[in-house]
Amino acid sequence: MLDERETRFKSARIDSPQALRSRRAQRELAGDGWADVFLVIDNWPALRQDFEDLETLLQEIAVRGLGYAVHVVITANRWIDVRSSLRESMGGRLELRLHDPAESAINRRAAENVAKGTPGRGITVDSLHFQAALPRTDGSVDGVDQQQALDALVADVAAAWKGPRARPVLVLPRLIRIDDLAKPAHPGKGGKPAGVPIGLSERDLGVVRLDLEGGEPHFVVFGDGESGKTNFLRIFLRGLMSGKSSQEVQVLVVDYRRTLLGVVPPEYLLGYAGAEPAATAQLLETAQVLKGRLPPAEISIEKLRSRSWWQGPEVYVVVDDYDLVATPSANPLLPLVPLLAQAKDVGLHVLVSRRTGGASRGILEPLLLRVREIGSPGLLLSGDPQEGALLGSSRSAQQPPGRGLLVRRHERPSLIQVAFIPAGNDPPIATSQE
């Protein structure tokens, strides 16, 4: 909402919160969404302990928010629980009775004089005493039923208010089916969707699309058992083949557990490797074909720009459970490593899924290491955060099945929910030719 508000302020030529309130009072602003916004967090230290990554986000909101009429209100038991960088971003301060008045950040002597046993009594930044009011309008001063009185107050205010309402907080559903994904808001070239729909984003509940031809050519998925790795590959493959013909796309599947059997129809299937001998032979052959697509030395600049020196389909190499494929004794995918950096020139795309367990050591394996070096995006499904940073500075976390952190270059990592297709119950493919 802060990013959206920044854009709206610019388009409406609003340069300050004061200008916003003035024009709002004069009814010069059309539509909703021009109200002051308050983010209220009770017991900030407890929230930070459960969600460490939110601290940076809250710091950004506190620093940028005031310029766009977005306010932050937090509570904590001790001043030391709020880091100095965040504390300095908060202009207003109230200090209630502290367990140890010596820890006062306002005035230690005044803090010692705050009455004990009187809830709501404290001092301001000017060392003046104040008494907070009870949030109730029924005339009672009893604290036992305060929650019920507060609920009644909120209900009365909501019933009496006839103006615009705050938009609801967006929460990702636990389960999304492929049919629930809406049509893309921004079509790609020729009216086709730009990328493959894979799920919904927590940021705005918008459809998340993965475009390996227009963007980064490779993708990595980390996740523990039953976190949704294979389902992600199934979703991507079905979406890819729904928008491309078999003349445009060919898929080589490396699947030692055979969980992707039947997902790719024969006309799209370049090869299916269910064991090491088949994987070694098929990947060697594929690598030789792709090497023949490398631009010759005498090629013109025009052909380099248009990538017209070869014709053929884009090749997608999809590997499920990479930790079973890349063993200390052999790795059938090594012939592809020299081609990863030139993937766009030769039409190569590698999708790899791997268990989170042991991934901190596995990322040193040549193929994964090269994929990380060229800045490929990825998805961190449920996994052990103690494995460390697996994609950029992002770590895995315990998540529901299908929930994960999407990490892409030049974008803030975002939480998404991948759509679900039951195994063996895939929808029929409607290709662009049909």
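**Sheets and helices of a predicted model**

Q: In the open sheet of 10 strands, what is the order of the strands?
A: The model is a predicted one, and one of its features is an open sheet of 10 strands with mixed pairing. The twist in this sheet averages 25° from one strand to the next. Written across the sheet, the order is β7-β6-β17-β16-β13-β8-β12-β11-β9-β10.

Q: Which strands stand at the edges of this sheet, each with a single partner strand?
A: The order of the sheet starts with β7 and ends with β10. Each of these two has a single partner strand, so one side of each is left without a neighbour in the sheet. The edge strands are therefore β7, residues 207–210, and β10, residues 269–273.

Q: In the hairpin of β6 and β7, which residue takes a positive phi?
A: Strands β6 and β7 pair in the antiparallel sense over 4 bridges, and P197 has R209 of β7 as its bridge partner. Between the two strands of this hairpin there are 5 residues. The residue that takes a positive phi, near 55°, is L205.

Q: Which residue in β17 is the bridge partner of L200?
A: Strand β6 covers residues 196–201 and strand β17 covers residues 414–418, and the two pair in the antiparallel sense over 3 bridges. In β17, the bridge partner of L200 is Q417.

Q: At about what angle to β10 does helix α9 run?
A: Helix α9, residues 276–291, lies across β9 (249–255), β10, β11 (314–320) and β12 (348–354). These four strands all appear in the order of the sheet of 10 strands, where they are written β12-β11-β9-β10. Relative to β10, helix α9 runs at about 150°.

Q: In the open sheet of 3 strands, which residue in β4 stands opposite L94?
A: This sheet has the order β3-β4-β5 with antiparallel pairing, and its edge strands, β3 (94–96) and β5 (129–131), each pair on one side only. Its neighbouring strands are turned by 40° against each other on average, direction ignored. Strand β3 pairs with β4, residues 121–124, in the antiparallel sense over 3 bridges. Opposite L94, in β4, stands T124.

Q: Are helices α1 and α4 roughly parallel or roughly antiparallel to each other?
A: Helix α1 (residues 2–11) and helix α4 (residues 54–65) pack at an angle of about 20°, with their axes 11 Å apart. Angles under 35 degrees count as roughly parallel. The two helices are therefore roughly parallel.

Q: How many charged residues does the contact of α1 with α4 have?
A: Helix α1 passes α4 in a left-handed crossing. The contact is made by L2, D3 and E6 of α1 together with E60, I61, R64 and G65 of α4. By class, 2 of these residues are nonpolar and 1 is polar, while the number of charged residues is 4.

Q: Over residues 430–434, where the pLDDT is below 50, how many contacts does the stretch have beyond near neighbours in sequence?
A: The chain averages a pLDDT of 89, and 94% of the residues score at least 70. Over residues 184–190, however, the pLDDT is below 50, and that stretch has 7 contacts in the model beyond near neighbours in sequence. For residues 430–434, also below 50, the number of such contacts is 15.

Note on methods:
Residues numbered from 1 in each chain as written. Predicted model: local features only at pLDDT ≥ 70, side-chain atom pairs only at ≥ 80, totals over all residues. Heavy atoms only, no water. Axes fitted to C-alpha atoms, helices over the stretch in contact; angles between N-to-C directions. Parallel < 35°, antiparallel > 145°, perpendicular 65-115°, else oblique. Left-handed = near helix turned anticlockwise from the far one by under 90°. Contact = heavy atoms within 4.5 Å. Nonpolar A, V, L, I, M, F, W, Y, C, P; charged D, E, K, R; others polar. Pairing = 2+ DSSP bridges. pLDDT = per-residue confidence, 0-100.
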